[in-house]
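Reader: Please take me through this model and say what each label rests on.

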Amino acid sequence: MQHLRRLMAEEQPGIAAALEAALAKLPPNAAGPAGHVLRAGGKRLRPLLTLLWGKVFGLAHVDLYTLGAAVEMLHAATLLHDDILDRAELRRGKPAA
């Protein structure tokens, strides 16, 4: 378990940078809500699992951080979709996007 925590701590800066780079490429009307959801926090397990599986399968030639960011952005889109359908005012105790 300690190894996993260390790995998570080591990979978080790369994951955060990839997410910020992906957000910067979005049009302004999408970047605002997406940034609100992505900057709300979380453990970033989906990108971390993407990185780990990429390494397990020897995908060194693939930009795994970009791939992990894409997985996390897809998850964020599903959260936004849920909030719209539910007319949610809060997500994790904070205002919904």
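**Helix packing and empty space**

Author: Helix 3 and helix 4 pack at about 145°, and their axes lie 8 Å apart. The axes are lines fitted to C-alpha atoms over the stretch in contact, with angles taken from 0 to 180 degrees between N-to-C directions. The model is predicted: local features need pLDDT of at least 70 and side-chain atom pairs 80 or more, whereas totals for chains, interfaces and linings use all residues. Residues are numbered from 1 along each chain as its sequence is written, and side-chain values use heavy atoms, without hydrogens and water.

Reader: What makes a stretch a helix or a strand here, and how many of each does the protein have?

Author: A helix is a DSSP run of H or I with at least four residues, a strand a run of E with at least two, and both are numbered from the N terminus. By that rule the protein has four helices and two strands, in the sequence order α-α-α-α-β-β. Strand 2 covers 94–95. The C-alpha trace spans about 40 × 30 × 20 Å along its principal axes.

Reader: Which hand does the crossing of helix 3 and helix 4 have, and which residues make the contact?

Author: The crossing of helix 3 and helix 4 is right-handed, that is, the near helix is turned clockwise from the far one by less than a right angle (anticlockwise would be left-handed). Helix 3 brings Arg46, Pro47, Thr50, Leu51, Gly54 and Lys55 to the contact, and helix 4 brings Leu64, Tyr65, Leu67, Gly68, Val71, Glu72 and His75; contact requires heavy atoms within 4.5 Å. By class, this contact has six nonpolar, four polar and three charged residues. Ala, Val, Leu, Ile, Met, Phe, Trp, Tyr, Cys and Pro count as nonpolar, Asp, Glu, Lys and Arg as charged, and the others, including Gly, as polar.

Reader: Why are helix 1 and helix 4 called roughly perpendicular?

Author: Helix 1 (residues 2–24) and helix 4 (residues 64–86) pack at about 70°, with axes 8 Å apart. Roughly perpendicular means 65 to 115 degrees (under 35 is roughly parallel, over 145 roughly antiparallel, the rest oblique), so helix 1 and helix 4 qualify. Their crossing is right-handed. Glu11, Gly14, Ile15, Ala18, Leu19, Ala22 and Leu23 of helix 1 meet Tyr65, Thr66, Ala69, Glu72 and Met73 of helix 4. This contact of helix 1 with helix 4 divides into eight nonpolar, two polar and two charged residues.

Reader: How do you know which label fits helix 2 and helix 4?

Author: The axes of helix 2 and helix 4 come within 10 Å and cross at roughly 100°, and the two helices are therefore roughly perpendicular. The contact pairs Pro33, Ala34, Val37 and Leu38 of helix 2 with Glu72, Met73, Ala76, Leu79 and Leu80 of helix 4. Its residues are eight nonpolar, no polar and one charged.

Reader: What makes an empty space a cavity or a pocket?

Author: On a 1 Å grid over the protein atoms alone, a cavity is a set of points where a 1.4 Å probe fits but cannot get out; a pocket is an open set with protein on both sides within 12 Å along at least five of seven lines, and lining residues have an atom within 4 Å of a point. The whole structure has one cavity of 30 Å³ or more. The largest cavity has a volume of about 70 Å³, and its lining includes His36, Asp83 and Arg91. Helix 2 and strand 2 each give that lining two or more residues.

Reader: How many residues line the largest pocket, and which element gives the largest share?

Author: The largest pocket, about 210 Å³, is lined by 15 residues, with Gly41, Gly42, Glu72, His75 and Arg92 nearest its centre. Helix 4 gives the largest share, four residues. The lining divides into six nonpolar, three polar and six charged residues. Both volumes are the space filled by probe spheres set on grid points joined across faces, edges and corners.
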